[in-house]
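Trainee: Could you take me through this model, one feature at a time? I would like the general idea each time, and then the case at hand.

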Amino acid sequence: MKKEKRLLWGFIDTKGDFVIEPKYDDARDFSEDLAVVRIDWRRGYIDRSGAVVIEPQFQLADSFDGGMALVMLDDKWGFINHEGEYVIQPMYDKAWNFTDDRAMVMSGGKYGFIDRSGAYVAEPVYDFAGDFHDGLAWVGAGGKYGYIGRDGKYRIEPVYDNAEDFHDGVARVMKDGQFGYINTSGEAVEAPVAAKPVTEFRDGLAPSREGDKEGYIDESGQFAIEPKYAQAEPFSEGFARVRAAAKSKWGYIDTAGKSPFKAKFPGAADFHDGLARVMVEVTEEV
């Protein structure tokens, strides 16, 4: 019998203690008190105690949102509820998560949209499509692009050679080889002012680089935690992921820059609801 090293995922609390032991080939963060885990090549769901709620059976699975989760079984996509029951049968060649209570799906090589009951609000007739933003989704057919509303009807006629998602009420489109911008009524508007990248502060701190090291600045722009890390991620629930060198293990610091436990994880994620998803190396006999 020989020994083999594996990288497995589990969940720790803010003291660094495992609440859910590392025994999964992959895992995702908890959402609606359930987390996707992978054992071998099948995915299922566990609760916050680590109990299996939905047996690993899916080829692919996504996090719950609005009481539904996107899963793939036998190369077809559908949606399940918290009990693992299908609320929308796996019938689509590809599907995406719901945005604005509409999900984009692909069937027969064409794109369409369904509501949360699984009913089509827009039949799969489009060559290309994008998710809903600001109540509109761009769609393309026959080389022309326009925008449909949540009812599947055109709100902006397909007269463009290209179209992009709406953001803050404005979308970029191309017509007759020229790019321009429109509002949600389809009216031409001035190009939005390019936004200067904004540092995201969490818990009053934001990652910032000085030379080849990263630390954390406060809202006055001064370093509150000195730049000594090769990589520093934003804070979440009072803790941030950091590592000392590019290939070193991940650890966590608090807002005072103190490490509550040793940096020891080959992979790690942010804290959510008191738990963080981490990877450890495990030696097993095979």
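**Reading strands, cavities and a single residue**

Trainee: Which residue takes a positive phi in the hairpin of E17 and E18, and how many residues lie between the strands?

Mentor: Gly152 has a positive phi near 85°, and the strands of that hairpin have five residues between them. Strands here are DSSP runs of E, at least two residues long, numbered from the N terminus. This is a predicted model, in which local features need pLDDT of at least 70 and side-chain atom pairs pLDDT 80 or more, while totals for chains, interfaces and linings use all residues. Residues are numbered from 1 along each chain as its sequence is written, and side-chain values use heavy atoms, without hydrogens and water.

Trainee: Over how many bridges do E17 and E18 pair?

Mentor: Strands of a sheet pair through backbone hydrogen bonds, either parallel or antiparallel. Pairing is accepted if DSSP finds at least two bridges between the strands. E17 and E18 (residues 154–160) have three, in the antiparallel sense, and Tyr147 has Ile156 of E18 as its bridge partner. E16 (residues 137–141) also pairs with E17 in the antiparallel sense, over five bridges. There Tyr147 of E17 is the partner of Trp138. The hairpin of E16 and E17 has two residues between its strands, and Gly142 takes a positive phi near 65°.

Trainee: Is E17 largely enclosed or not, and why?

Mentor: Buried means a relative accessible area under 20%, exposed over 50%, partly exposed in between, with a 1.4 Å probe and protein chains only. In E17 (residues 144–148), four of the five residues are buried, so the strand is largely enclosed by the rest of the structure.

Trainee: In what order do the strands of the open sheet run?

Mentor: The order is E2-E1-E30-E29, with antiparallel pairing. E2 (18–24) and E29 (267–272) are the edge strands; each has a single partner strand, so one side of each lacks a neighbour in the sheet. From one strand to the next, the twist averages 30°, taken between N-to-C directions of lines fitted to C-alpha atoms, on a scale from 0 to 180 degrees. E1 (residues 3–12) and E30 (residues 275–285) are joined by ten bridges, and Leu8 stands opposite Val280 in E30.

Trainee: Which residues of E30 might I look at singly? Is Val282 buried, partly exposed or exposed?

Mentor: Val282, in strand E30, is partly exposed, at 21% relative accessible area. Leaving out residues up to four places away in sequence, Val282 touches Glu4, Lys5, Arg6, Leu8 and Pro22, contact being heavy atoms within 4.5 Å.

Trainee: How many cavities of 30 Å³ or more are there?

Mentor: A cavity is a set of points on a 1 Å grid where a 1.4 Å probe fits but cannot get out; lining residues have an atom within 4 Å of a point. There are two of 30 Å³ or more. The largest has a volume of about 40 Å³, and its lining includes Ser63, Met68 and Phe98.

Trainee: What lines the second largest cavity?

Mentor: Phe11, Asp29, Phe30, Asp270, His272, Leu275, Ala276 and Arg277 line this one, whose volume is about 30 Å³. E29 and E30 each supply at least two lining residues, and E30 has the largest share, three.

How values were computed: 1 Å grid on protein atoms, 1.4 Å probe; cavity = no way out; pocket = protein on both sides within 12 Å on 5 of 7 lines; lining within 4 Å. Points joined across faces, edges and corners; volume = space filled by probe spheres on them.
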